[in-house]
Amino acid sequence: MNISLPDPMRAFVQRRIDAGDYASASDYVRDLIRRDQAEDADVDAWLQALDQSIERGLADADAGRVRDLDAVCDDLIARLEQGVGRAPE
């Protein structure tokens with residue numbers, strides 16, 4: 001596989017090699033690909049967890065395990081006004 005880079009990018013890669021960060025341009029490209037693959041895996045895992053969370057929420061709603069948003073907010077405001085959860089001074 002051959003990759004063409006504009007001169008500024010080529011110089012940047014060479015500076016990274018000269019600094020000892022990478023052994024070669026191929027090493028640099030392999031590292032970038034590994035990072036991209038890891039990021040894709042992280043996004044996929046996050047999306048899967050989100051889908052599962054949505055499914056659990058919908059199942060809870062179907063089973064009647066829900067609370068009115070206004071009631072939840074009122075409870076939180078009351079707790080904040082009472083100082084519940086405040087760190088010791």
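Patches, as the term is used here, are made of residues with over 30% relative accessible area and no salt bridge, like charges being joined within 9 Å and nonpolar side chains within 5 Å. In the predicted model described here, a negative surface patch of this kind is formed by D36, E39, D40, D42 and D44. One of these residues, D40, lies in helix α2, which spans residues 25-62. The relative accessible area of D40 is 45%, and D40 is therefore partly exposed, a value that also satisfies the requirement of over 30% for membership of a patch.

With regard to the overall architecture, the chain contains three helices and zero strands, and its elements, read along the sequence, follow the pattern α-α-α. The radius of gyration of the chain is 26 Å, whereas a compact globule of 89 residues would have a value near 12 Å. Along the principal axes, the C-alpha atoms of the chain fill a box of roughly 60 × 45 × 20 Å. The separation of two particular residues may be set beside these dimensions: G57 and I3 are 54 residues apart along the chain, and their C-alpha atoms are separated by 47 Å. G57 has its place in helix α2 and is partly exposed, with a relative accessible area of 37%.

Burial and surface composition were examined next. Of the 89 residues of the chain, 7% count as buried, and the accessible surface of the chain comes to about 7,900 Å², of which carbon and sulfur atoms account for 54%.

A nonpolar surface patch was also identified, with an area of about 570 Å², and V43, W46, L47, L50, I54 and L58 are the residues that make it. Among them, L50 is placed in helix α2, and its relative accessible area of 34% classes L50 as partly exposed. The value for L50 thus lies between the limits of 20% and 50% that bound the partly exposed class, and L50 is, like D40, a residue of helix α2.

As regards charge, the chain carries 11 positive and 20 negative side chains, and the centres of the two sets lie 7 Å apart. A search of the whole structure finds five salt bridges, and three pairs are described here in turn.

In one pair, D21 forms a salt bridge with R16, and the closest N and O atoms of the two residues are 2.9 Å apart. D21 counts as partly exposed, at 42% relative accessibility, and R16 likewise counts as partly exposed, at 26% relative accessibility.

Another salt bridge joins D31 to R35, with the closest N and O atoms 3.0 Å apart. Because D31 and R35 are four residues apart in helix α2, about one helical turn separates them. The two partners fall into separate classes of accessibility: D31 is buried, with a relative accessible area of 14%, while R35 counts as exposed, at 51% relative accessibility. The assignment of D31 follows from the cut-off for burial, which is under 20% relative accessible area, and that of R35 from the cut-off for exposure, which is over 50%.

A further salt bridge is the one in which the side chains of R65 and D60 meet, at an N to O distance of 2.7 Å. R65 is exposed, its relative accessible area being 54%, whereas D60, with a relative accessible area of 28%, is partly exposed.

Taken with the patches, these pairs place several of the described features in helix α2, including D40 of the negative patch, L50 of the nonpolar patch and the salt-bridged pair D31 and R35.

Notes
Residues are numbered from 1 along each chain as its sequence is written. This is a predicted model: local features need pLDDT of at least 70, side-chain atom pairs count only at pLDDT 80 or more; totals for chains, interfaces and linings use all residues. Side-chain values use heavy atoms; hydrogens and water are left out. Helices (H or I, at least four residues) and strands (E, at least two) are DSSP runs, numbered from the N terminus. The radius of gyration is taken over C-alpha atoms; the globule rule is 2.2 Å times the number of residues to the power 0.38. Buried means under 20% relative accessible area, exposed over 50%, partly exposed in between (1.4 Å probe, protein chains only). Accessible areas come from the Shrake-Rupley method with a 1.4 Å probe; for residues, only the protein chains shown count as cover. Lys and Arg count as positive and Asp and Glu as negative; His and the chain ends are not counted. The place of a charge is taken as NZ of Lys, CZ of Arg, CG of Asp or CD of Glu. A salt bridge is a side-chain nitrogen of Lys or Arg within 4 Å of a carboxyl oxygen of Asp or Glu.
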